[in-house]
Amino acid sequence: MAVLRGGVIGCGFFAANHLNGWAEIEGVEIVAVCDRDRGRAEAAARRFGIPAVYTDAEAMLAEAKLDFVDIITTVPSHRPLVELAARHRVPTICQKPFAERVEDAEAMVAACRAAGIPLMVHENFRWQSPILAVRRKLAEGAVGRPCWARISFRHAYDIYAGQPYLLEEKRLAIMDIGVHVLDVARDLLGEATRIYCATQRIDPRVAGEDAATVTLTHAGGALSVVDMSFAAITDPDPFPQTAIRIEGTEGTLELETGYRLKLSRRDGSRTWSVEPPVPSWGERPWHVIQDSVVNIQRHWAECLRSGTEPATSGADNLKTLVLAFRAYESAERGHAVAV
Ligand SMILES: NC(=O)c1ccc[n+]([C@@H]2O[C@H](COP(=O)([O-])OP(=O)(O)OC[C@H]3O[C@@H](n4cnc5c(N)ncnc54)[C@H](O)[C@@H]3O)[C@@H](O)[C@H]2O)c1
């Protein structure tokens with residue numbers, strides 16, 4: 001198996017999870033790192049034994065002979081970096097949120113399509129082991145036809161300590177976590193046709209909304225409530241777990257905090273533990289996220305080798321992004337909007 005040579009752009013808070021993850025993927029080697037902050041790039045290179053260090057993404061793409069690039073920067077740099085990678089015809093992974101505007105996401109998808117390279121958004125929530133378990137049960141028909149669902153991400157963990165830039169975001173909860181949970185709703189229940197959203201700003205330190213409640217009507221007729229809060233105090237704090245309840249014609253599936261998956265049917269119930277392993281390099285409570293990073297990276301390597309489209313391709317993630325923007329539109333107008 002030929003080794004896939006990868007390059008990383010962005011060596012900040014979340015990049016350590018990607019770099020640790022890549023080290024677990026057989027047949028992938030990260031050969032170059034880039035950060036416009038040289039100290040961060042050098043520290044990552046030292047820690048992960050990466051030979052080449054750049055502060056300029058263009059120079060890395062021109063020189064490093066990459067089979068793919070993994071962009072782990074915040075959203076304003078996504079479009080210029082993805083377009084740059086497309087000009088160099090290097091298959092690209094881009095972190096979420098994909099873009100700040102639909103036009104930017106469309107331009108990135110078009111640029112990669114024109115260059116003939118795959119583009120995947122690192123939308124990792126649907127790759128979390130407990131959520132994959134929910135998906136499998138649904139596919140087996142465990143609840144019959146899904147009618148109603150709740151997908152919920154609520155906590156009061158101090159996310160601002162590691163990601164201080166979030167305090168300044170005018171569009172906070174929906175762009176940061178809403179894109180993840182809306183994507184899970186699409187993945188489990190199909191596309192939405194109508195959306196209603198109300199937002200709240202609870203913590204006075206934040207510039208944007210830190211809670212949102214969204215109602216979706218799905219094309220198949222199911223309804224879902226997708227809710228999130230960064231200011232929901234619970235003991236023990238469930239961060240970063242997603243709680244899911246899906247009611248169907250034959251039963252109900254519940255992914256409860258504590259990683260219990262429960263299936264109730266008329267003749268009784270069963271419960272499974274779906275807690276993911278803690279990677280050797282990982283730690284609680286982040287292990288569910290860290291495990292999902294490895295899962296999506298493995299998927300990318302398989303797609304790259306087989307020439308298949310990643311599940312969370314740029315074109316797919318554009319639909320999640322449109323949902324997020326429609327959520328803001330609904331909240332501003334105070335009524336439901338079509339998707
Ligand atoms: N999928 C997940 O579970 C998850 C979790 C946390 C963060 N994220 C996302 O990851 C992204 C990065 O977040 P973070 O917390 O690591 O941010 P960060 O600010 O800590 O790190 C980003 C790094 O990118 C570098 N950078 C920015 N533009 C650059 C450019 N043009 N060229 C080279 N380097 C550049 C910065 O210098 C910085 O070191 C965000 O979009 C965030 O939403 C995803």
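This passage describes two helix contacts and a group of aromatic ring pairs in a predicted model.

In the first of the two helix contacts, helix 6, which spans residues 129-139, packs against helix 8, which spans residues 173-189, at an angle of about 20° and with the axes 10 Å apart. Because angles under 35 degrees count as roughly parallel, helix 6 and helix 8 are described as roughly parallel to each other, and their crossing is right-handed. On the side of helix 6 the contact is made by Ile-131, Val-134, Arg-135 and Leu-138, while helix 8 contributes Val-184, Asp-187 and Leu-188. When the residues of this contact are sorted by character, five are nonpolar, none is polar and two are charged.

The second contact joins helix 5 (residues 102-115) to helix 10 (residues 314-333), whose axes come within 10 Å and cross at roughly 175°. Since angles over 145 degrees count as roughly antiparallel, helix 5 and helix 10 are roughly antiparallel to each other. Here helix 5 supplies Val-102, Ala-105, Glu-106, Val-109 and Arg-113, and helix 10 supplies Gly-314, Ala-315, Leu-318, Leu-321, Val-322 and Phe-325. The residues of the contact between helix 5 and helix 10 comprise eight that are nonpolar, one that is polar and two that are charged.

Turning to the aromatic rings, the model contains eight aromatic pairs, counted where ring centres lie within 6.5 Å. One of them is formed by Phe-125 and Phe-153, with 5.9 Å from centre to centre and 50° between the planes, a geometry classed as tilted. This pair links distant parts of the chain, for Phe-125 lies in the loop between strand 6 (119-122) and helix 6, whereas Phe-153 belongs to strand 7 (residues 146-154), 28 residues apart. Both Phe-125 and Phe-153 are buried.

A further pair is made by Tyr-157 and Trp-286, whose ring centres are 6.1 Å apart and whose planes stand at 80°, so the pair is edge-to-face. This pair, too, links distant parts of the chain, with Tyr-157 in the loop between strand 7 and helix 7 (159-162) and Trp-286 in the loop between strand 14 (268-273) and helix 9 (287-306), 129 residues apart. Tyr-157 has a relative accessible area of 30% and is therefore partly exposed, whereas Trp-286, at 15% relative accessibility, counts as buried. Ring pairs link Phe-125, Phe-153, Tyr-157 and Trp-286, together with Phe-13 and Phe-239, into a cluster.

Notes. Residues are numbered from 1 along each chain as its sequence is written. This is a predicted model: local features need pLDDT of at least 70, side-chain atom pairs count only at pLDDT 80 or more; totals for chains, interfaces and linings use all residues. Side-chain values use heavy atoms; hydrogens and water are left out. Axes are lines fitted to C-alpha atoms, for helices over the stretch in contact, and angles run from 0 to 180 degrees between N-to-C directions. Helices (H or I, at least four residues) and strands (E, at least two) are DSSP runs, numbered from the N terminus. Angles under 35 degrees count as roughly parallel, over 145 as roughly antiparallel, 65 to 115 as roughly perpendicular and the rest as oblique. A crossing is left-handed if the near helix is turned anticlockwise from the far one by less than a right angle, and right-handed if clockwise. Contact means heavy atoms within 4.5 Å. Ala, Val, Leu, Ile, Met, Phe, Trp, Tyr, Cys and Pro count as nonpolar, Asp, Glu, Lys and Arg as charged, and the others, Gly among them, as polar. Rings of Phe, Tyr and Trp (its six-membered ring) pair if their centres lie within 6.5 Å; planes under 30 degrees apart count as stacked, over 60 as edge-to-face and the rest as tilted. Buried means under 20% relative accessible area, exposed over 50%, partly exposed in between (1.4 Å probe, protein chains only).
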